[in-house]
Amino acid sequence: MEPRAVGVSKQDIREQIWDHMESQNLADFPRPVHHRIPNFKGASHAAEQLPRLQAFKTARTIKVNPDAPQKNARFFVLESKKTLLVPTPRLRTGLFNKITPPPGATKDILRKCATSQGVRNCSVPIGLDSRVLVDLVVVGSVAVSEKGWRIGKGEGYADLEYAMMVSMGAVSNETPVVTIVHDCQVVDIPEELLEEHDITVDYILTPTRVIATGCKRPQPMGITWSKISWEMIEKIPVLRSLRAREQQAGKDVTLQGEHQHLLEPGRQQAVPLSAGRRPPDTPGPEANSMEAAGGSPPGEGAPLAADVYVGNLPRDARVSDLKRALRELGSMPLRLTWQGPQRRAFLRYPDSAAAQQAISCLQGLRLGTDTLRVALARQQRDK
């Protein structure tokens, strides 16, 4: 792609990459690629470069991100009988899962283990107390430069995962970092856009090239707590545990806006609503269809679940098609109610925040040629 103009932001570069991949039909499922680590045509071929790296040959434990374009990379780790660690999506239930294929697994079984479903079904969690040492890190990128500068999708999870591994002692500044991207994702990135918490890459694998960046910029030294919000602390239990450990070790773990958070007038701990009341973001009458399928409204003291409406389903779509898309995006609900004849479905999530996050992930998702409509169930009723 053409070099970037002066004065651009990370988001400008992301948008240019996403727009280019969509307009040139370089993207693969899930689409559109906007707000994602893009899955691109040729991703499997690009990953074939990975086993040829000396860093891969000598590695025993390899961490690979869970995104679709790295599926073949995960397979090669398993096929080479190395230990594969995959972060849990959005770090909701921990930091790593160790993939454990069944004894005597064939190549076909290993390929299934490398999928998002396999990661869930054939893995065991790795706790903070495990003495794991990661020899190679494979991350996804939206854009990367030949100098090793990297831009993700903007949520910071890859940077946070790396910082957490540093805090655990699982990686060091010498641990190689690899990214697998399409050739069009290799662009000029101004160094001034890099921040102290941004990770850099040592190798870039594309369908046509292997780029050794020779990057000398130091990797993050650990978690920059002043960049961590209270919302992230509340959503990521393992982050809370790491913060408690570092606080006990005497480190400064002051969070972003922590003093304002403590002094904010009228701030109260959330309490369950009493029976008979419904929070603003929970579903209205549509919820009846879910309850008829086996769900029930939360009672007093129970978590307040929230439902997401998914509409404009293709007439020939099957529930398995939607489940596959949800698995790929890491947005599986507690319950899915399928109403195919009405071309809609309802997804139940544990709370409103999880439902909003799912809506963000599902925006613009297409099944076949149809773009799905996604909204909180009550908002859909109001329309």
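This is a short tour of the structure, one selection at a time.

**Stop 1: the whole chain**

Start with everything shown, and keep in mind that this is a predicted model. Colour the chain by secondary structure: you will find 14 helices and 16 strands. The chain has 383 residues, and 49% of them are buried. Now think about which parts touch. Among contacts between residues at least 6 apart in sequence, 67% join residues at least 24 apart. If you switch on the surface, its accessible area comes to about 18,900 Å², with 48% belonging to carbon and sulfur atoms.

**Stop 2: helix α1**

Select residues 10-23, which form helix α1. How far apart are its end C-alpha atoms? They are 20 Å apart, and this agrees with the expected span, because 14 residues at 1.5 Å a residue should also give 20 Å.

Next, show the side chains of Lys 10, Ile 13, Arg 14, Ile 17, Trp 18, Met 21 and Glu 22, which are buried in α1. Turn the view until you look down the axis of α1: these buried residues fall within an arc of 160°, so they line one face of the helix. A general rule helps here: an α-helix has 3.6 residues a turn, so residues three or four places apart point the same way.

What covers that buried set? Add β6 (143-144), β7 (150-151) and β14 (366-367), which are among the elements covering the buried residues of α1. Before leaving, click on Asn 25, just after α1, where phi is positive, at about 55°.

**Stop 3: a four-stranded sheet**

Now move to an open sheet whose four strands come in the order β12-β13-β11-β16, with antiparallel pairing. Select 335-339 for β12 and 373-376 for β16; these are the edge strands, and each pairs on one side only. Look along the sheet to see the twist, which averages 20° from one strand to the next.

For a closer view, select β11 (residues 306-311) and β13 (residues 344-349): the two run antiparallel and are joined by six bridges. Strands of a sheet pair through backbone hydrogen bonds, either parallel or antiparallel. Which residue of β13 stands opposite Tyr 309? Show Phe 346, and you have found the partner.

**Stop 4: the helices on the sheet**

Keep the sheet in view and add residues 319-329, helix α12, which lies across β12 and β13 and runs at about 145° to β12. Then add residues 352-362 for helix α13, which packs on the sheet and touches β11, β13 and β16. The direction of α13 makes about 165° with that of β16.

Conventions
Residues are numbered from 1 along each chain as its sequence is written. This is a predicted model: local features need pLDDT of at least 70, side-chain atom pairs count only at pLDDT 80 or more; totals for chains, interfaces and linings use all residues. Side-chain values use heavy atoms; hydrogens and water are left out. Two strands pair if DSSP finds at least two bridges between them. Axes are lines fitted to C-alpha atoms, for helices over the stretch in contact, and angles run from 0 to 180 degrees between N-to-C directions. Contact means heavy atoms within 4.5 Å. The expected span of a helix is 1.5 Å times one less than its number of residues. Buried means under 20% relative accessible area, exposed over 50%, partly exposed in between (1.4 Å probe, protein chains only). The arc is that of the directions from the helix axis to the C-beta atoms. Accessible areas come from the Shrake-Rupley method with a 1.4 Å probe; for residues, only the protein chains shown count as cover.
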